[in-house]
Structures are given as structure tokens and as C-alpha cells.
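Subject: Handing over a structure, with notes

Dear colleague,

Please find the structure below, together with its sequence. Once you have had a look at both, you may like to read the notes that follow with the model open beside you.

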Amino acid sequence: MSWLILILAGLFEVAWAVGLKYTEGFTRLLPSLWTIGSMIVSLGLLGLAMKTLPLGTAYAVWVGVGAVGTVILGVVLFQEPVNTIRVISVILILAGLIGLKLGTTG
């Protein structure tokens, strides 16, 4: 269950990272509220996952899920560039996340 909570925390990290782009420096109310709410939920879920998962693993997976999700949504929503180096980098992050999962009990 902790892993599911951790992945959900990472998805909320993606939500706040993307939301941050829409806040335009926290000058837009609704995107700002969404972003702040997503930050709170993301950190709260991360804290719950850390009750049973190791600190380093939980934090690295949280950041990794957020990074991969944010890169993907950056490409989809904001037409950010896709090139070989970026794709390989995302694959390496995913490999690291899988390795952390396989190397951790809990």
C-alpha cells in the first residue's frame, strides 16, 4: 500500500509542477489554489509513504515520478522538445525507479 501512496504522491507532484506554470508567478488565483493544494496533498502522501518505506527510496521515487511525469506533460501541453538525449534520460530515470522498487521491501 505504501508504494501506491508514493506513486500517488508523485502524481500530485506532477500536478503542482504543471500547475505552477499556469499560475504565472502566483498571479492567477485558481491555478495558484490548485498548485498549493496539490503541493500539500503531495507532501502529505509522501509523509505517509515514508512511515514504512526508507527515506532515500521514498524521496527518490517521489522526485523520479514527478520528473518523468512533468517531462511528459511538458512535451504534451507546452510543446517542449523531444530528442534522443531527453528520451534516454527519462528511460534512465524509469530504470532507476524500477531498481529502487526491486531493491526495497515494504
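I begin with a single residue, Gln79, which counts as exposed because its relative accessibility is 61%, where over 50% is needed for that word. Please keep in mind throughout that this is a predicted model, and that what I say about Gln79 and every other residue is computed from that model. Gln79 is found in the loop between α3 and α4, and its phi is near 50 degrees, a positive value in a residue other than glycine. Glu24, which lies in the loop between α1 and α2, likewise is not a glycine and has a positive phi, of about 50 degrees.

With those two loops located, the overall plan can be followed along the sequence. The protein chain has four helices and zero strands, and its pattern reads α-α-α-α. Along its principal axes, the C-alpha trace spans about 45 × 35 × 15 Å. Of the 106 residues in the chain, 32% are buried, and the accessible surface comes to about 6400 Å², with 77% of it belonging to carbon and sulfur atoms. If you count the contacts with a separation of 6 or more, 68% of them are between residues 24 or more positions apart.

Helix α2 is a good place to practise some reasoning. It runs over residues 29-49, and because each residue is taken to add 1.5 Å, its 21 residues should span 30 Å, which agrees with the 30 Å between its end C-alpha atoms. Which residues of α2 are buried? They are Pro31, Ser32, Thr35, Ser38, Ser42, Leu45, Leu46 and Ala49. These residues cover an arc of only 165 degrees around the axis, so they sit on the same side of α2. What they pack against is α1 (2-23) and α3 (55-78), whereas on the other side of α2 the residues Leu29, Leu30, Ile40 and Leu43 are exposed.

Helix α4, covering residues 84-102, can be checked in the same manner: it has 19 residues, and the distance from its first C-alpha to its last is 27 Å, close to the 27 Å expected at 1.5 Å a residue. At the start of α4, a side-chain oxygen of Asn83 comes to within 3.3 Å of the backbone nitrogen of Ile85.

In the segment after α4 you will find Thr104, which is buried because its relative accessible area is 11%, and the cut-off for buried is under 20%. Leaving aside residues up to four places away in sequence, Thr104 touches Trp3, Leu53, Pro54 and Thr57. With Thr57 there is also a polar contact, made between the two side chains at 3.4 Å.

Finally, there is something from a record to set beside the model. An unreviewed UniProt entry carries the annotation "transmembrane region" for residues 33-50, 57-78 and 84-103. In the model, the span 57-78 is 100% helix and 0% strand, and its end C-alpha atoms lie 30 Å apart. Over residues 84-103 the chain is 95% helix and 0% strand, with 28 Å between the end C-alpha atoms.

With best wishes

Terms used. Residues numbered from 1 in each chain as written. Predicted model: local features only at pLDDT ≥ 70, side-chain atom pairs only at ≥ 80, totals over all residues. Heavy atoms only, no water. Helix = DSSP H or I, 4+ residues; strand = E, 2+ residues; numbered from the N terminus. Expected span 1.5 Å × (residues − 1). Buried < 20%, exposed > 50% of the residue type's maximum accessible area, 1.4 Å probe, protein only. Arc of directions from axis to C-beta. Contact = heavy atoms within 4.5 Å. UniProt positions renumbered as here; feature names shortened; annotations may be inferred. Areas by Shrake-Rupley, 256 points an atom, 1.4 Å probe, with all protein chains shown as cover. Polar contact = N/O pair within 3.5 Å; in protein donor to acceptor, adjacent residues only side chain to side chain.
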